[in-house]
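Dear colleague,

I am handing over the structure below, and I would be glad if you could look through it alongside the notes that follow.

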Amino acid sequence: MTVVIDRTKPPEGDQAHKGPQSAAERARKKGDAGGGLYKPRAPIYPKLVQGRWRNIKWVLLVLTLATYYVTPWIRWERPGDLPDQAVLVDFAGRRFYFFFIQLWPQEVYFITGLLVIAALALFLTSALFGRLWCGYACPQTVWTDLFIYIERMFEGDRNARMKLDASPMSFNKAWRKGGKHVTWLAVAFATGGAWIFYFHDAPSLLRDFWIGQAPVTAYVSCAILTFTTYTLAGTMREQVCIYMCPWPRIQGAMLDQHSLQVTYRFDRGEPRGPHKKGASWEGRGDCIDCNACVVVCPMGIDIRDGSQLECINCGLCVDACNEIMVKVGRPKGLIAYDTDAAVAARACGEKPAYKLVRSRTLYYAGALTLVGGLTLWGLSTRSPMDVHVLRDRNPTFVRMQDGDIRNSYTLKIANRTFEPFTAQVAFAGVAGAQLKTPGAEVTTGPVALTVEPNQVRAVRVFVTAPREALPEANMPATFSVEAAGATQAVTTSFLSGAANAR
Amino acid sequence: MSKRETDEITGVETTGHEWDGIKELDNPLPRWWLWMFWAGVAYAIVYWVLMPAWPGVSGYTKGMMGHSDRAQVAQQLEALQQVRGEGAAQLTNATLQEIEADPDLQQYALAVGQSVFGDNCATCHGIGGAGAKGYPNLLDDIWLWDGTLDGIHHTLQVGVRSGAEGARFSKMPAFGRDQLLTSAQINDLTELVLVLSRQDGDREAADRARPIFAEQCVSCHGPAGLGDQTQGAPNLTDGEWLYGASREEIRTQIWSGRNGVMPAWAGRFDDETLKALAVYVHANAGGR
């Protein structure tokens, strides 16, 4: 059942809003008036609202910000000179530390896996519950919320802020505005400051930062993030979501009529209009056109226009409308998390059905399980050692004085553990092959190579074999390396040119 | 072609273009987008003033910051030298054997050696050191001169027939060109060399050449033709030939006695570079 609901027609004549307009509408008007190519930003003054979704948003705000600021300070004991920071992106040392996991640059596929998982999780959540990420967890939303909270501290709620903006400059206006911007900058600086701790040892960087000894990148990153936090959360806000972020456009492909979204139940609300206390509710909708949903919206839209690109699904209008519904004695939920299909069903007098299991959600869940499983499997079976064998190609082989043939290989053995290990390197595939490494004696058995913790060691290994042992010009051969309880075999070949031998 | 019309639902004009029934709304851009454009313009102007920017006829505008990529590279090279100073000092103080035995120092020496070899030696000996006709293969265990670590180091310092003091020197006479032997004698000698190296030589001719060999060749190549590293005389019995293994090539070498030259590197490289190069060549040869 596909239902196209069109409630986006502009109101006509006297039906036009008399109350507060949505910011989007004001901007549209202003842009039209200028007739220009460019649209000024219409300021949005979101009103504080109380309710269930607002409370959830406060809790998530504290949790996400706490995670962001505290994480770099968590310590995690590692042996030797290795960093003791639980989460650290060590660019200089080319390692990524995450508690007990430590990744090398060549294992970047784990990060890729993580990003694919994040993307699929976002798809699945969007298909099921709409843009929960946008409304609750996106840094843009969280910091904007925090900045609006600070704004409210200095300038008061919506009406006071509008009055203050309209008033001429005065001492009162100056200190309120000034205080707000200073606090914003302080928060922005703390945000940029916390970011750099993810890339260096936090306690020592904190000290170095203030005495001017930190790396230039730390100051530059901190400055850039201070600037972006201040502008994006302070002055850009919804513009980021509408014009900069690609996700609002992509999410159209994830949503369908069964996705939960903040929905104005027009079947129950229309026809809307002011309602006098005590008057009958017969023959009219529950929407009293009070605009409570519009004034609380941080995106400056009117949810009653239907689902739209700007809506971040934060549910603040749900809280606002519920408050009003209780006051006028109507049931809650005129605006609620609901699906287009359910609204359409109710409009036709049918019982709404909610379908969480759909082919779309199944595909997303399946892909998520697959990629998540693969990444986990990769992480859990990750070898503590990595071996690469590069055989010399110029020349491919060398003939020795006694007619023996020698091939040279460069072995790169990575020790991914935190302890030094001794790798036993054995060569198989050619009978009577002798191994030698620079500075060591010739041996027929395995060669022992010590590799420092968290390091790669590149060693040339010379393999010499008697001509009789080489019936083929190209003999398949194997280097097997054993260390730290793991064994890795790498296939290569032993070339002799025997087929062309005189 | 393009017909601008007003979209019914949004009340916004379209751009007037249509693709398969899809029309595009001509919504205004946000104003800050325009500011970013002007900010970009301002940035460019500031950049022109501060940084090298505009080409002229005989030069370019230098900019007030005095930035120069060339100077920066020079500075970085200098910094690199300082970083390398530590490793270089260790090379200076350690003996060749100590360098080869210490894994860290060995790694460092090999890295230096590889780079120096590629820049200076590869021209004749090849990138991998496999040599070419007239230029010895440095990867096998067959050496004209001493192939030990110290021997290689010495050859690198003084060269071969380089004219430097104490240079390695040996001379293969041009038996034919200088009329020391007749053409027939040289033919016989060629057959003997082929027989010595287990190739398909004429044994009768070889036997005829044995007295000549004893008279002319044994002093350097030895009675069995095994050569002598102290004199730089090649072994004639192995499969390795500096100037080729064929009858033709062997005869040419006896006739005109080519003697290649390797330069002395002592004056061109500092001590630690020479040491690193010796360790690199020794390691590449399997280090026997």
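Two strands are taken as paired if DSSP finds at least two bridges between them. Please keep in mind throughout that this is a predicted model.

With that criterion, strand S14 of chain A, residues 474–483, is joined to S15(A) by 10 bridges, and the two strands run antiparallel. Within this pairing, A:Pro476 has A:Ser493 of S15(A) as its bridge partner. Both strands belong to an open sheet of 4 strands in chain A, which follows the order S12-S10-S14-S15 with antiparallel pairing. Because strand S12 (447–451) and strand S15 (486–495) of chain A each have a single partner strand, they stand at the edges, and one side of each is left without a neighbour in the sheet. On average, and with direction ignored, neighbouring strands of this sheet are turned by 25° against each other.

Chain B offers a hairpin, in which strand S1 (residues 14–19) and strand S2 (residues 22–25) run antiparallel and are joined by 3 bridges. Here B:Glu18 stands opposite B:Lys23 in S2(B), while B:Asp20 takes a positive phi near 50° in the hairpin, which has 2 residues between the strands.

Turning to helices, H2 (residues 52–70) and H14 (residues 316–328), both of chain A, pack at an angle of about 145°, their axes being 7 Å apart. A:Arg52, A:Trp53 and A:Arg54 make the contact from H2(A), and A:Leu316, A:Val318 and A:Asp319 make it from H14(A). Sorted by class, this contact between H2(A) and H14(A) has 3 nonpolar and 3 charged residues, with no polar ones.

With best regards

Technical notes. Residues numbered from 1 in each chain as written. Chains lettered and ligands numbered in written order. Predicted model: local features only at pLDDT ≥ 70, side-chain atom pairs only at ≥ 80, totals over all residues. Axes fitted to C-alpha atoms, helices over the stretch in contact; angles between N-to-C directions. Contact = placed C-beta atoms within 7 Å. Nonpolar A, V, L, I, M, F, W, Y, C, P; charged D, E, K, R; others polar.
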